[in-house]
Amino acid sequence: GGQAGQLKLIFFTDAMHHIIRLCRILRLSNGHALLIGEHGHGKSSVALLAAHITKSSVQTILDHNGYTLNGFRDCLKRSIFRAGIERRRTCFVIDGAHIVDESSFEDLSYVLDTRELRNLLTPSEEAEVMVYMQASMSAGASEEECWRVFSANVRSSFHIVMCMDKRDPTLQQRVMNHPAIMKNCVIDWYATWSTSVYRNVAEYAISKCKAIPPDFIQRLVDVSVGIHRSVETSATALPPWVETDSTSGHRVARIHTGPRDFSAMLELYFKLLNVKSTELVQRKALLSNGLAKLSLIHTSVATLRSSVQDLEAVDLEALSAGAEEAFRAAEVLGKRLAVGQEVADQETEDVELLKSEVEAMEFDGNRILEQRKSTVDGLITLKARLKVAEEVASSL
């Protein structure tokens, strides 16, 4: 309870009437309200906004699965103590769908009829209230006087706003079992939204989307309202079925559509529009890159075309004649090279022949030199022997 949050509200005539009416009720002493209408028609949002306008602290029960009867009573008692002891304006907002135990309506009846407020408190809690009240009042105040002031503070500062679904089959029985609800609560009936209201809501929500062109807004409004109305008609035509409820046993159920479903449809449309817009931006980027590449290719083609045109402007016959003359000069040069190669080959043969002749002459010279060398060696040997013979002869 007491959680702060941001409400996305769209004001239209009926909604403002409900807000003004609830603000008047919350400014009354012992002012309590019973808001009856289909689920999703903005009863809780109107209650929170009216509490903010009247500068009331808000206590709510939002967690259906986590709240037990003891938790509900503790929350209710804290709100009562805040209003009765501190004299702080407090708005206790409760949704019928969040009530998990029928005893909670009995506790609310005790608060609505402050004469039975003591039935809600334990003796220790009542004694705690007396201690706080005697400390804030003049000395010597009796317990009855303290309780009377406490009850008066609760009547003037504590307000209950019950939001009930008119399609709830237990609503009539709950009201009959707890007459204090009918006696002390101002009933504010929330009618089903008309087509004009749906159109106002759709037009406001769609106009906030910058991705939608202004001339498409009315078309989208017509389509969205038409789809929702057709779904409502189809859901009403479907036969009811029996489902099992943990508290009341079997009960008849139907498929219902309301403003909350309409808002969910618009949110889904905006989400899909955002996804498609992102895809469109990506495709535009790819297209831009493709166009840039095509422009580059076009520039290259234009350059090549200009080069071809420059080549076409040259005298092709002159180029052909020059090429033939070059071919003839190359042919003559080739013939000269062939002749030169033949001469070189002939000279190479002559050189090889001379080389073989020189080698033969060198071989013959070496052979003659060896022969002459052996002859000289024989002469030397013979001369030596002759000398020895002469020496022998002279000695004889």
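These are my notebook entries on the core, a cavity and some salt bridges of a predicted model.

**Entry 1: the core**

I began with the nonpolar residues inside the protein. The largest nonpolar core has 37 residues. I noted the ones with the most contacts inside this core: Leu-76, Ile-80, Phe-92, Phe-150, Phe-158 and Met-162. Which helix gives the most to this core? I found that helix H3, residues 69-84, does, with six residues.

Next I picked Phe-92 and looked up its partners, leaving aside neighbours within four places in sequence. Among the residues in contact with Phe-92 are Phe-72, Cys-75, Leu-76 and Ser-79. Leu-108 is also in contact with Phe-92, and so is a run of partners made up of Phe-158, His-159, Ile-160 and Val-161. I wrote down Gln-59 and Ile-61 as well, which complete the list for Phe-92.

**Entry 2: a cavity**

Then I turned to empty space. How many cavities of 30 Å³ or more does a search of the whole structure find? There are two. I chose the second largest cavity, which holds about 30 Å³ of space.

Its lining is made by Leu-34, Phe-105, Met-162, Met-164, Leu-171, Arg-174, Val-175 and Ile-181. I was pleased to meet Met-162 again, since Met-162 is on my list of core residues with the most contacts. Strand S4 (158-165) and helix H7 (171-177) each supply at least two lining residues. H7 gives the most, with three. By class, I counted seven nonpolar residues, no polar ones and one charged residue in this lining.

**Entry 3: salt bridges**

Last, I looked at charged pairs. Side chains of opposite charge can pair when their charged atoms come close. The whole structure has 10 salt bridges, and I looked up three.

- Arg-199 and Asp-222 form a salt bridge, with their closest N and O atoms 2.4 Å apart. This pair links distant parts of the chain: Arg-199 is in helix H9 (residues 195-207) and Asp-222 is in helix H10 (residues 217-237), 23 residues apart. Arg-199 is partly exposed at 27% relative accessibility, and Asp-222 is partly exposed at 41%.
- Lys-276 and Glu-279 form another, with the closest N and O atoms 3.7 Å apart. Both lie in helix H11 (residues 259-313), three residues apart, or about one turn of the helix. Buried or exposed, what is Lys-276? Lys-276 counts as exposed, because its relative accessibility is 51% and the cut-off is over 50%. Glu-279 is partly exposed, at 31%.
- Arg-88 and Glu-86 meet through their side chains at 3.5 Å, N to O. Arg-88 is partly exposed, with a relative accessible area of 40%.

Methods:
Residues numbered from 1 in each chain as written. Predicted model: local features only at pLDDT ≥ 70, side-chain atom pairs only at ≥ 80, totals over all residues. Heavy atoms only, no water. Core = buried A, V, L, I, M, F, W, Y, C linked by side-chain atoms within 4.5 Å. Buried < 20%, exposed > 50% of the residue type's maximum accessible area, 1.4 Å probe, protein only. Helix = DSSP H or I, 4+ residues; strand = E, 2+ residues; numbered from the N terminus. Contact = heavy atoms within 4.5 Å. 1 Å grid on protein atoms, 1.4 Å probe; cavity = no way out; pocket = protein on both sides within 12 Å on 5 of 7 lines; lining within 4 Å. Points joined across faces, edges and corners; volume = space filled by probe spheres on them. Nonpolar A, V, L, I, M, F, W, Y, C, P; charged D, E, K, R; others polar. Salt bridge = Lys/Arg side-chain N within 4 Å of Asp/Glu carboxyl O.
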